[in-house]
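Here is a quick tour for anyone with the viewer open. Follow along and check each stop against the coordinates.

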Amino acid sequence: MTGQGATPAAPGSAAPAAAGEFGRIDRYLKPLAQGYPGAFGLTDDAGTVAVPAGMELVVTTDAMVAGVHFLPDDPPEDIAAKLLRVNLSDLAAKGAVPLAYSLVTALPRDCAEDWLARFCAGLGGDQQRYGIHLLGGDSVSTSGPVTLTVSALGLVPAGRMVRRAGARPGDLVFVTGTVGDAALALLRVLGREPAALPQAADWAPLVARLRRPEPRLAFAPALRDLASAGLDVSDGLVADLGHIAAVSGVAIEIRADRLPLSAAARTLLAAAPDLLATVLTGGDDYELAFTAPAAREAAVLAAGRACGVPVTGIGRVLAGAPAVTVLDASGAPLPLDRAGWQHF
Ligand SMILES: Nc1ncnc2c1ncn2[C@@H]1O[C@H](COP(=O)(O)OP(=O)(O)O)[C@@H](O)[C@H]1O
Ligand SMILES: Cc1ncc(C[n+]2csc(CCOP(=O)(O)OP(=O)(O)O)c2C)c(N)n1
Ligand SMILES: [Mg+2]
Ligand SMILES: [Mg+2]
Ligand SMILES: [Mg+2]
């Protein structure tokens with residue numbers, strides 16, 4: 001046991017507080033590993049993952065830090081959902097089927113047990129939703145902000161992971177769902193929305209997209225079959241398409257007037273057109289952006305309809321120095337002062 005001193009009882013909880021680090025692991029984390037044989041009930045130094053013949057493991061890691069990726073007083077269930085979903089989004093973007101995940105929690109020593117209980121309830125809900133299990137991880141204390149890290153594991157047929165490299169001149173550019181919703185919501189939750197916006201604006205669906213993105217796993221098999229390159233949009237549409245352009249060695253051109261926007265986003269943009277830059281570069285979308293040969297355009301759109309994921313053609317791939325150009329409705333390039341989020 002490494003616990004130091006008594007842990008205060010969780011607010012509103014009749015059960016006695018779980019004692020120390022291992023008490024918390026027993027009560028809150030072990031149930032999340034149940035049903036996955038390679039997790040060994042979180043009783044060992046490591047877990048194992050069986051990889052069927054002909055398949056390959058896809059591994060991705062994303063961390064979230066309080067104050068950087070979420071607000072410290074966001075509901076713990078939502079923080080858990082976003083943590084899992086941003087990782088599942090990377091698996092979807094690579095054409096993978098999710099399997100299991102590992103979790104590192106770095107929590108302040110005075111973190112209330114109720115916070116951990118609610119965080120783990122959030123993980124449990126999404127485990128059921130996406131058919132995944134906790135495989136292992138680590139629990140540490142920190143004198144800094146809450147820091148949460150997930151490594152997600154998924155499977156693809158060997159050699160078939162969708163790469164960022166592979167876009168070719170003549171390909172078309174597509175994006176799933178709608179873009180900009182989360183970035184607009186972030187302005188709202190930070191109190192930075194423009195004064196010009198209608199008082200009655202409906203922020204709820206936008207804030208839901210910020211806190212609980214929907215990983216586009218349903219489209220992953222189609223992406224594997226049809227895309228020449230792909231990724232998920234975390235930093236911002238322009239920045240992330242720039243990653244495809246850079247590693248594929250191509251130029252990308254997209255049309256602002258073709259961007260798929262939600263009804264709520266359309267209303268805000270009608271009142272404050274400058275918000276278009278936020279939509280294009282604000283990030284937190286967790287939609288899939290990808291390229292595919294023009295001859296597959298009909299197949300891409302049909303695949304989207306078949307799996308219930310909206311897909312929109314927004315541009316094309318050209319020969320030229322790696323860059324992303326955004327054209328307005330008249331075909332003129334739109335100046336942007338940044339492409340997307342950067343940590344440093
Ligand atoms: N600290 C790190 N250690 C090892 N690899 C890293 C680290 N940070 C980023 N990477 C790698 O750099 C690349 C770009 O990362 P990132 O932009 O965060 O991808 P994503 O947006 O999908 O999370 C990825 O291949 C990622 O694995
Ligand atoms: C409180 C708060 N501030 C700012 C943001 C916006 N934001 C933070 S990190 C980020 C980019 C995505 O995070 P990152 O760690 O770069 O994920 P990755 O690209 O590795 O998937 C964005 C848009 C946010 N979501 N919450
Ligand atoms: Mg990352
Ligand atoms: Mg990604
Ligand atoms: Mg990033």
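## Val 97 and its contacts

Leaving aside residues up to four places away in sequence, Val 97 touches Gly 154, Leu 155 and Ala 220. This is a predicted model, so read what follows in that light. Val 97 belongs to strand β2, which covers residues 97-107. Is Val 97 buried or exposed? Neither label fits: it has 17 other C-beta atoms within 10 Å, and buried takes 20 or more while exposed takes 12 or fewer, so Val 97 is partly exposed.

For a sense of scale, take Gln 199, which sits 102 residues from Val 97 along the chain. The C-alpha atoms of Val 97 and Gln 199 are separated by 42 Å.

## Two domains and where they touch

The domain assignment splits the protein chain into domain 1 (20-157) and domain 2 (171-327). Their C-alpha centres lie 26 Å apart. The contact takes 18 residues from domain 1 and 18 residues from domain 2.

Which elements give two or more residues to the domain 1 side? They are α2 (76-93) and β2. Of these, α2 gives the most, with ten residues. Sorted by class, the side of domain 1 that touches domain 2 has eleven nonpolar, two polar and five charged residues.

## Around ligand 2

Both domains also turn up around ligand 2: its shell draws at least three residues from each of domain 1 (20-157) and domain 2 (171-327). Walking through the shell in sequence order, you meet Asp 62, Val 68, His 69, Phe 70, Leu 71 and Val 86, then Leu 186, Ser 234, Asp 235, Gly 283, Asp 284 and Trp 341.

By class, the shell around ligand 2 divides into six nonpolar, three polar and three charged residues.

## A parallel pair: α1 and α3

Now for some helix packing. Helix α1 (residues 20-33) and helix α3 (residues 113-130) pack at about 10 degrees, and their axes are 9 Å apart. Angles under 35 degrees count as roughly parallel, so α1 and α3 are roughly parallel to each other.

From α1, the contact uses Arg 24, Tyr 28, Leu 29 and Leu 32, while α3 brings Leu 116, Ala 117, Cys 120, Leu 123, Gly 124 and Gln 127. The contact of α1 with α3 comes out as seven nonpolar, two polar and one charged by class.

## A crossed pair: α4 and α5

How are α4 and α5 arranged? Helix α4 (residues 181-189) packs against helix α5 (residues 204-211) at an angle of about 105 degrees, with the axes 7 Å apart. That angle is in the 65 to 115 range, so the two helices are roughly perpendicular to each other. On the α4 side you find Asp 181, Ala 182, Leu 184, Ala 185, Leu 186, Arg 188 and Val 189, which meet Leu 206, Val 207, Arg 209 and Leu 210 in α5. The class split of this contact is eight nonpolar, no polar and three charged. Leu 186 is also one of the residues around ligand 2.

Asp 181 is worth a click. It lies in α4 and counts as buried because it has 26 C-beta neighbours inside 10 Å. Not counting residues up to four places away in sequence, Asp 181 touches Leu 206, Arg 209, Ser 262 and Ala 265. Its C-alpha atom is 7.3 Å from that of Leu 210, which is 29 residues away along the chain.

## Ala 222 in α6

Ala 222 is found in helix α6 (residues 220-226). With 23 other C-beta atoms within 10 Å, Ala 222 is buried. Beyond residues up to four places away in sequence, Ala 222 touches Ala 303 and Cys 307. Cys 307 is 85 residues from Ala 222 along the chain, yet their C-alpha atoms are separated by 8.8 Å.

## Two positive phi angles

Most residues other than glycine have a negative phi. Leu 42 has a positive one, near 55 degrees. Leu 42 is in the loop between α1 and β1 (55-65), and its 19 C-beta neighbours inside 10 Å make it partly exposed.

Tyr 286 also has a positive phi, near 55 degrees. Look for Tyr 286 in the loop between α9 (276-281) and β8 (288-293). Tyr 286 is buried, as 25 other C-beta atoms lie within 10 Å.

Conventions:
Residues numbered from 1 in each chain as written. Chains lettered and ligands numbered in written order. Predicted model: local features only at pLDDT ≥ 70, side-chain atom pairs only at ≥ 80, totals over all residues. Near = placed C-beta within 6 Å. Nonpolar A, V, L, I, M, F, W, Y, C, P; charged D, E, K, R; others polar. Domains from an automatic or database assignment. Axes fitted to C-alpha atoms, helices over the stretch in contact; angles between N-to-C directions. Helix = DSSP H or I, 4+ residues; strand = E, 2+ residues; numbered from the N terminus. Parallel < 35°, antiparallel > 145°, perpendicular 65-115°, else oblique. Contact = placed C-beta atoms within 7 Å.
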